[in-house]
Amino acid sequence: MKREDLIKKWLDNELSPEELKAFKQLEDHKDLVKLANGLKQFKAEDFDTDLELGRLNTTLKNKSKNTNNWVKPILRIAAILTICFGSYYYTTTLNTNAATLAAQKETIDLPDSSIVTINAESSISYNKNKWDEDREIELEGEAYFKVAKGSKFKVKTNNGIVTVLGTEFNVKDRNNYFEVTCYEGAVNVEYNSKSVVLKPGNSFLMINGEYIDKTDTSLKNPSWINNESHFTSIPLKNILLELERQYNVTITVNNIDEEQLFTGSFTHDDIDVALKAITLPLNLTYVKTNSMIILESE
């Protein structure tokens with residue numbers, strides 16, 4: 001039986017034992033009972049009880065038998081309002097979420113025809129019902145956005161906020177790594193007290209709280225969209241973390257300086273090719289056992 005029907009029958013004292021059991025299992029059962037008890041305790045100002053009771057009985061004799069209980073109609077209204085307001089609150093505040101696992105990517109169509117592609121081990125959250133008045137997304141990880149023109153579009157991360165009107169850009173927010181790259185239009189990046197406007201080809205990069213000056217890119221979109229990760233002078237530990245995400249593996253390093261800078265790329269389609277692309281330029285060796293990889297200096 002539907003929740004609303006159970007409440008209505010409860011108000012009319014028509015619940016069977018089985019239905020009463022179901023009613024008591026409702027999430028807001030205790031709240032409804034408290035409301036009913038509270039309404040029953042309402043009292044008017046002091047008056048002559050016997051006199052007023054006699055007048056009330058006389059009046060009630062001239063009315064329908066169903067009008068002798070003013071509490072239940074009020075309870076019905078209160079129950080309906082509770083249902084309506086509860087449904088409204090639930091539908092307007094509930095966010096839409098999307099997330100990816102390691103070695104997984106996903107493309108999401110937003111309500112205004114904007115498109116977001118989520119990289120491995122990333123997630124987004126937004127309110128579909130309020131989208132027309134507030135185009136705002138919370139991001140953990142990395143995502144590439146193609147934003148339809150319209151009102152202000154905002155991407156919130158743990159490290160900074162990206163604001164645009166209509167453009168294409170990439171946001172990467174991983175631990176102490178925060179990077180925004182603009183591919184079309186203009187992007188405003190807010191990081192702590194720092195605010196920067198990016199034009200096509202420009203990037204904003206912070207690693208461990210330090211601003212890193214990057215050269216402009218000629219790419220039309222982020223390389224990971226095409227199953228390849230590209231890096232320019234990035235600490236090795238960040239490259240290895242990305243490799244773990246793309247292949248769902250665990251990497252251990254022995255006697256290797258993970259702060260050394262790496263420039264290059266690796267494919268997302270073949271782990272051995274990817275490992276060679278990283279280890280050969282740095283004179284490293286690797287041993288791979290299932291999902292475990294050990295890197296060592298030669």
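Guide: Welcome! Before we start, two strands are said to pair if DSSP finds at least two bridges between them. Please keep in mind that this is a predicted model.

Visitor: Thanks! In which sense do strand β7 and β10 pair?
Guide: Strand β7 covers residues 161-164, and V162 stands opposite V189 in β10. DSSP has to find at least two bridges for a pair, and β7 and β10 have 3 bridges. Their sense is antiparallel.

Visitor: How many bridges join β10 to strand β11?
Guide: Strand β11 spans residues 194-198 and runs antiparallel to β10. One residue pair to look for is V187, which stands opposite L198 in β11. The number of bridges joining β10 to β11 is 5.

Visitor: Which residue in the turn of the hairpin formed by β10 and β11 has a positive phi?
Guide: Most residues other than glycine have a negative phi. The hairpin of β10 and β11 has 2 residues between the strands. With a phi of about 55°, the turn residue asked for is N192.

Visitor: Which residues make up the covered face of strand β10?
Guide: Strand β10 runs over residues 187-191 and has two faces. The uncovered face holds N188 and E190. The covered face is made of V187, V189 and Y191.

Visitor: Let's move to β5. In which sense do β5 and strand β6 run?
Guide: Strand β6 takes in residues 153-156, and 4 bridges join β5 to it. Within this pair, R135 has F153 of β6 as its bridge partner. By contrast with the antiparallel pairing of β5 and β8, β5 and β6 run parallel.

Visitor: What is the bridge partner of E142 in β8?
Guide: β5 and β8 pair in the antiparallel sense, with 6 bridges between them. Among the partners along this pairing, E142 is matched with K172.

Visitor: Which residue of β5 does S123 stand opposite?
Guide: Strand β4, residues 123-126, pairs with β5 over 3 bridges in the antiparallel sense. Strand β3, residues 115-118, also runs antiparallel to β5, joined by 4 bridges, and there I115 has K146 as its bridge partner. For S123, the residue opposite in β5 is E140.

Visitor: Now for the empty spaces. Which element gives the largest share of the lining of the largest cavity?
Guide: The count comes to 1 cavity of 30 Å³ or more, and its lining consists of K172, R174, Y177, N238, L241 and R245. Two elements give two or more residues to that lining, β8 (168-174) and α6 (236-247). By class, the lining has 2 nonpolar, 1 polar and 3 charged residues. With 3 residues, the largest share comes from α6.

Visitor: And what is the volume of the largest pocket?
Guide: The largest pocket is lined by 29 residues, and the closest to its centre are E179, K214, H230, F231 and T232. Its lining divides into 10 nonpolar, 11 polar and 8 charged residues. The volume of the largest pocket is about 530 Å³.

Visitor: Which element gives the most to the lining of the largest pocket?
Guide: At least two lining residues each come from β8, β9 (177-184), β12 (203-207) and β14 (228-235). The top contribution is 7 residues, and it belongs to β14.

Visitor: Is S233 buried or partly exposed?
Guide: S233 is found in strand β14, and its phi is near 55°, a positive value in a residue other than glycine. Buried would require under 20% relative accessible area and exposed over 50%. Because S233 has a relative accessible area of 37%, it is partly exposed.

Visitor: Where does N283 lie?
Guide: N283 is another residue with a positive phi, about 55°, although it is not a glycine. At 48% relative accessibility, N283 counts as partly exposed. As for its place, N283 lies in the loop between α7 (271-279) and β17 (284-289).

Visitor: One last thing: how far apart in space are N255 and E296?
Guide: N255 is found in the loop between β15 (250-254) and β16 (261-267), and it is exposed, with a relative accessible area of 77%. In sequence, N255 and E296 are 41 residues apart. In space, C-alpha to C-alpha, they are apart by 6.5 Å.

Notes:
Residues numbered from 1 in each chain as written. Predicted model: local features only at pLDDT ≥ 70, side-chain atom pairs only at ≥ 80, totals over all residues. Heavy atoms only, no water. 1 Å grid on protein atoms, 1.4 Å probe; cavity = no way out; pocket = protein on both sides within 12 Å on 5 of 7 lines; lining within 4 Å. Points joined across faces, edges and corners; volume = space filled by probe spheres on them. Nonpolar A, V, L, I, M, F, W, Y, C, P; charged D, E, K, R; others polar. Buried < 20%, exposed > 50% of the residue type's maximum accessible area, 1.4 Å probe, protein only.
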